[in-house]
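Visitor: I've just been handed this one and don't know my way around yet. Could you walk me through it?

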Amino acid sequence: MSGAVVCLSGGQDSSTCLFYAVRRYHPVHAVSFNYGQRHRVELECAAALAARAGIEQVVLPVDALSQLAGGSLTNPAIESRLDAAGTGHAYAERRGLPSSFVPGRNIIFLGLAAAYGIPRGLETLVAGVCSTDEAGYPDCRPEFVESLEQTIRIGMDCPEFAIDAPLLHLTKAGTWTLAEELGVVELIRTETHTCYEGERGALHAWGYGCGSCPACATRARGWAEYAALTKG
């Protein structure tokens with residue numbers, strides 16, 4: 001069995017991918033990123049989840065992201081909304097992207113994770129990118145994943161390198177279903193963090209969060225759809 005590195009933010013998607021990976025690869029390492037995100041509590045969740053899964057985790061600093069371009073996740077002066085108009089995120093507004101889009105984030109994160117993993121013999125990168133997410137981030141599209149996989153193979157001289165993105169074509173309800181199949185749905189519900197505001201005070205049916213930011217809305221909607229399917 002080959003080894004893998006998981007990009008682990010501590011959110012619902014990447015944490016589900018963590019437990020997906022430990023079922024399929026050995027050894028598994030986790031790479032997390034401290035990029036000045038306003039919801040830094042996700043890093044605490046990532047560390048706890050990696051420890052629970054019994055895998056090695058490293059946290060890499062990526063301070064440059066907050067200097068390269070504005071986004072609500074790195075600049076608290078920008079509002080987090082799916083509609084970027086009037087939020088102060090000019091780059092996203094011009095492209096019709098949500099204000100939470102951080103330009104270059106997945107290019108940098110996946111590249112760094114590959115650079116960490118390949119020299120250690122971890123030639124598979126497991127990433128929680130999801131093309132069906134309401135946010136519609138361009139760096140979560142299938143063509144991005146395919147292109148970056150080829151680029152890393154060439155740039156790292158590693159023809160066997162692969163990006164395993166199990167959530168790529170799943171809805172959020174589908175991600176909850178996968179967590180159930182892995183036997184970790186309650187862990188994902190209570191121990192992961194998605195809320196852009198970093199709110200951990202109130203536990204909702206779908207987990208912790210402010211309940212009003214786009215990330216909470218998407219997570220709650222996915223939970224409702226999953227719960228309806230489960231009860232049905």
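Guide: Happy to; let's begin with one residue. Lys172 has a relative accessible area of 12%, and buried means under 20%, exposed over 50%, partly exposed in between (1.4 Å probe, protein chains only). So Lys172 counts as buried.

Visitor: Before we go on, what sort of model is this?
Guide: Residues are numbered from 1 along each chain as its sequence is written, and side-chain values use heavy atoms, with hydrogens and water left out. Local features need pLDDT of at least 70, side-chain atom pairs count only at pLDDT 80 or more, and totals for chains, interfaces and linings use all residues, because this is a predicted model.

Visitor: Which residue does the side chain of Lys172 meet in a salt bridge?
Guide: A salt bridge is a side-chain nitrogen of Lys or Arg within 4 Å of a carboxyl oxygen of Asp or Glu. Here the N to O distance is 3.1 Å. Lys172 lies in helix 7 (residues 172–181) and its partner in helix 1 (residues 12–24), so the pair ties together parts that are 159 residues apart in sequence. The partner is buried too, at 14% relative accessibility, and its name is Asp13.

Visitor: How many helices and strands does the protein have?
Guide: Both are DSSP runs numbered from the N terminus: helices are H or I with at least four residues, strands are E with at least two. Counted that way, the protein has nine helices and seven strands.

Visitor: Which side-chain pair in helix 6 meets in a salt bridge?
Guide: The two residues are four apart, about one turn of the helix. One is buried at 15% relative accessibility, while the other is partly exposed at 25%. At 3.6 Å, N to O, the pair is Glu149 and Arg153.

Visitor: Where do the buried residues of helix 6 sit around its axis?
Guide: Helix 6 covers residues 142–155, and its buried residues are Pro142, Phe144, Val145, Leu148, Glu149 and Ile152. They cover an arc of only 155° (from the directions of the helix axis to the C-beta atoms), which puts them on the same side of helix 6.

Visitor: And which residues are exposed on the other side of helix 6?
Guide: The buried residues have cover that includes helix 5 (105–117) and strand 5 (162–164). On the other side, the exposed ones are Glu143, Glu146 and Ile154.

Visitor: Which residues have the most contacts inside the largest nonpolar core?
Guide: In soluble globular proteins, nonpolar side chains tend to be buried together. A nonpolar core is a set of buried Ala, Val, Leu, Ile, Met, Phe, Trp, Tyr and Cys residues joined through side-chain atoms within 4.5 Å. The largest one here has 68 residues, and those with the most contacts inside it are Leu125, Val126 and Phe161.

Visitor: What is Leu125 in contact with, leaving aside its neighbours within four places in sequence?
Guide: Contact means heavy atoms within 4.5 Å. For Leu125, the list includes Val5, Cys7, Leu110 and Ala113. It also includes Phe161, Ala162, Ile163 and Asp164.

Visitor: Last one: what radius of gyration does the protein have?
Guide: The radius is taken over C-alpha atoms, and the globule rule is 2.2 Å times the number of residues to the power 0.38. With 232 residues, a compact globule would have a value near 17 Å, and the protein agrees, at 17 Å.

Conventions: Expected span 1.5 Å × (residues − 1).
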